[in-house]
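Hi,

Here is the structure I said I would pass on. Have a look at it first, and my notes on what turned up are below.

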Amino acid sequence: MNTIAPTTQRSPLHDFLAPDSIAIVGASADPTKRGYKAMVGLIKDGYPGTIYPINPKVDRVLGVKAYASLADIPGTADLALICTPASSVPGLLIECGKKGVKGAVILASGFRETGRPEGIQLEQDLMDAARRSGVRIIGPNTSGMFNLHKKVNLLALNNIKAGDIGLISQSGNMLLSLVLEAERNGHVGFSTYAGPGNQADIGFNDYLRYLGEDPHTRVATLYVEGFRDGRRFLDAARAITALKPVVVYKSGSTEAGQKAASSHTGALAGSYAMTVDLLRQVGVSVVQHSDEILPVAEGLGLLQKARGKRVAVVADGGGQATIASDRLSEAGLELAELSETTRRRLGEILVPQASLVNPVDVAGSSDANPALLADCLEIVADDDNVDSIFLVGMFGGYYTRFAEDLLGGEMRGAEAMIELARRTDKPLVVYSLYAPVNPPALRRLHEAGLPVYSSIEQAVRVLSALGERGIYLAASAGRQSLPAVTPDGAAQAAFAAAQAEGRDLFEFEAKALLRAHGVVVPEELLACAADDLAGIAERFGDQPVAMKVVSKDILHKSDAGGVKLNVRGEAGMRVAFDQIMASARAYDPQAVIKGVLLAPMARKGTEVIIGVIRDPIFGPVLMFGLGGIFVEILEDVVFRAIPLSPHDASSMLEQIKSRKILGGVRGEAAVDKDALVDLLLKVSSIAEAYPQIVELDLNPVIALVDGYAVVDARIIVDRASSAAKEGPQ
């Protein structure tokens, strides 16, 4: 079992998520109270540690000696479950600290999630008390926690099986849904669960590090409505995904969903598409549908990874083979091209009408001998072109569908599949239409650790996750990010001037910064007055130029009539200069106009956009996509957290939906992808080196067959940092 390396500092959460003693503050004999359910869960499951019920009104709770207060318990408790109203919590935390309690689960709501000033203040009071007492907080507004390997079942859930899936969920109902789904599955169990609630103290990154270290957890699974500190979570995920799979379902994928998430446990939700990209950047398996959470977690826990995306399908029916092929293609997986040797070997054991190309359709060959399917699986597993194997059809139900004496053949087939899984590193995923009734052969596969699914779509999602994880791990050597550049003195002076004047960088200042750090930027000259144009015209000669207004008050230059293209010669420049100045003044009579910027027209190429934002949750993030009108129409952009590695940068080019355009279409030559990757890495390093950059837009950048041309550059400056330095006036 992989865990975090011993040199990593041990998570303090072990002290109370695996407690040897528990205090139930608000323990009760009333079945409607949470203090009752927690007591029942501990007693029913046979918790071997010490239980301290806290209730000043009774001597015993469910037969266990009760105490009037935390101060009265002998010794200490590793964990306190606080079931009392919100207003009582800060004082109780002080009592916890005096008794050496390490962690507290706070069930009450009425804190920051309400959005009301009194709730926000109460949570601040809670955290002040927690800091003074040294007690770590799960919640508040949490559904609770369990650790089934320690027999800590504070939710008193029935029929829940101990297993290797660690679960963190901001929704108590989602927890219940997954527990019920696991009960129906019959083969899936859980290790530790915690509801982070408001994340007032402990965040998703803390829980993930704990699950990464937990020897009972093979796969960490999270239902997330919003991160409090996304950057810390990415750092934790990068460390954990190198050791074990991490599955995340992020709610709020639509505007309506984001609004709902914001009101539920006070989650802070950013752009869904951006969040998904950043999670995948650090190796997280992101699922898009709630019914995929448990199947993907189970599949990754059992099978871990595949070498790549090439799948061999073996089916006992043409219809389902076709459906499987369609779903695989939609998921970005590939039908492996079977070698001539593989096809010949299949032909030797299958009937003449069988399809020997992928998907392999045995065409009735297995009707009288279902173990033949295992033979086919062994043959395709030997093919070097195959990364994973997908059995599709009715395996497990032959003895029901055709004849009872076929049960022996199915059991032999199951044993052969199990042996195949032991000797190959290529994962075998099984879909059977008989999975819901769990016949003997499928039960045997389950017992041996082979996942069986009742949905082709879920099975394909598992195969996709296995392939993604294998590719991510294989590329880990190329994920070393480049160091930030050393800030340039002239650029720092430009930032200082912009902050002092309450403006953003002028375009020529932004381009000068880029140029100082190795970005190829075309030569450009600033005309502050019409008389400057003679020298500029002499410098550029007969080249057609672009002319753009320079003003801190005019952000959208085209809207103000502040752009002229394909201007030639001094006379043309003078006419364009006068037109630009007149249009700009008409657009905003109060605008302060510094001049007009002139640069040679860029060659024809493909317009892309490169941008940087400082996200309040995830910190600096880089965006790439098709530029110009494509941005508005297609919204075909992808994101990566800064700093980028070379692999991160190159993967952005391959992820956009319109990636074929970069490769050249309809007779157009392919763009210089190496140059774009280099530009992305340089922009990443620049953004990391200059915290004054709030936003950066290079739109468009013209991607050429031999390089690129940065046509427009805009840098939004952090005004707050300047105000903080100046202080009150």
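Pro 700 counts as buried, because its relative accessibility is 16% and the cut-off for buried is under 20%. Bear in mind, here and everywhere below, that this is a predicted model. If you want to find Pro 700, look in strand E28, which covers residues 693–704. Setting aside its neighbours within four places in sequence, Pro 700 is in contact with Glu 607 and Val 608, and also with a run made up of Ala 709, Val 710, Val 711 and Asp 712. For a sense of distance, try Ser 169: Pro 700 is 531 residues from it in sequence, and the two C-alpha atoms are 41 Å apart in space.

Two other buried spots

Next, go to helix H25, residues 673–689, where you will find Leu 679. Is Leu 679 buried or exposed? With a relative accessible area of 0%, it falls under the 20% cut-off and so is buried. Not counting residues up to four places away in sequence, Leu 679 touches Val 519, Ile 610, Val 701 and Tyr 708. Its C-alpha atom is separated by 20 Å from that of Leu 278, and the pair are 401 residues apart along the chain.

Ala 494 sits in helix H18, which runs over residues 489–501. Its relative accessibility is 15%, so Ala 494 counts as buried too. Which residues does Ala 494 contact once its neighbours within four places in sequence are left aside? The answer is Leu 505 and Glu 509. Leu 234 is 260 residues away from Ala 494 along the chain, with 32 Å between their C-alpha atoms.

The chain as a whole

Stepping back, the chain has 729 residues, and 53% of them count as buried. There are 26 helices and 30 strands to work through. The C-alpha trace spans about 95 × 80 × 45 Å along its principal axes. If you take the contacts between residues at least 6 apart in sequence, 72% of them join residues at least 24 apart. The accessible surface comes to about 30200 Å², and carbon and sulfur atoms hold 50% of that. On the charge side, I get 73 positive and 86 negative charges, and the mean positions of the two sets are 4 Å apart.

The largest pocket

How much space lies in the largest pocket? About 1300 Å³. It is lined by 39 residues, and those closest to its centre are Arg 280, Lys 309, Ala 331, Glu 468 and Gln 655. Five elements give two or more residues to the lining: helix H9 (272–281), helix H11 (318–330), helix H17 (456–474), strand E27 (637–641) and helix H23 (646–655). H17 provides the largest share, with 8 residues.

Backbone oddities to click on

There are two cis peptide bonds to show you, and both lead into a proline. One runs from Gly 139 to Pro 140, with omega near -5°. Pro 140 has its place in the loop between strand E7 (136–138) and strand E8 (145–147). The other joins Asn 358 and Pro 359, where omega is about 5°. For Pro 359, look in the loop between helix H12 (340–349) and strand E17 (360–361).

Then there are positive phi values in residues that are not glycine. Lys 151 has phi near 60° and is found in the loop between E8 and strand E9 (152–153). Its relative accessible area is 40%, so Lys 151 is partly exposed: that label covers values from 20% to 50%. Ala 363 has a positive phi of about 55°, and its place is in the loop between E17 and helix H13 (372–381). Ala 363 is partly exposed as well, because its relative accessible area is 27%.

That is what I have for now. Over to you!

Cheers

Conventions: Residues numbered from 1 in each chain as written. Predicted model: local features only at pLDDT ≥ 70, side-chain atom pairs only at ≥ 80, totals over all residues. Heavy atoms only, no water. Helix = DSSP H or I, 4+ residues; strand = E, 2+ residues; numbered from the N terminus. Buried < 20%, exposed > 50% of the residue type's maximum accessible area, 1.4 Å probe, protein only. Contact = heavy atoms within 4.5 Å. Areas by Shrake-Rupley, 256 points an atom, 1.4 Å probe, with all protein chains shown as cover. Lys, Arg positive; Asp, Glu negative; His and termini not counted. Charge placed at Lys NZ, Arg CZ, Asp CG, Glu CD. 1 Å grid on protein atoms, 1.4 Å probe; cavity = no way out; pocket = protein on both sides within 12 Å on 5 of 7 lines; lining within 4 Å. Points joined across faces, edges and corners; volume = space filled by probe spheres on them.
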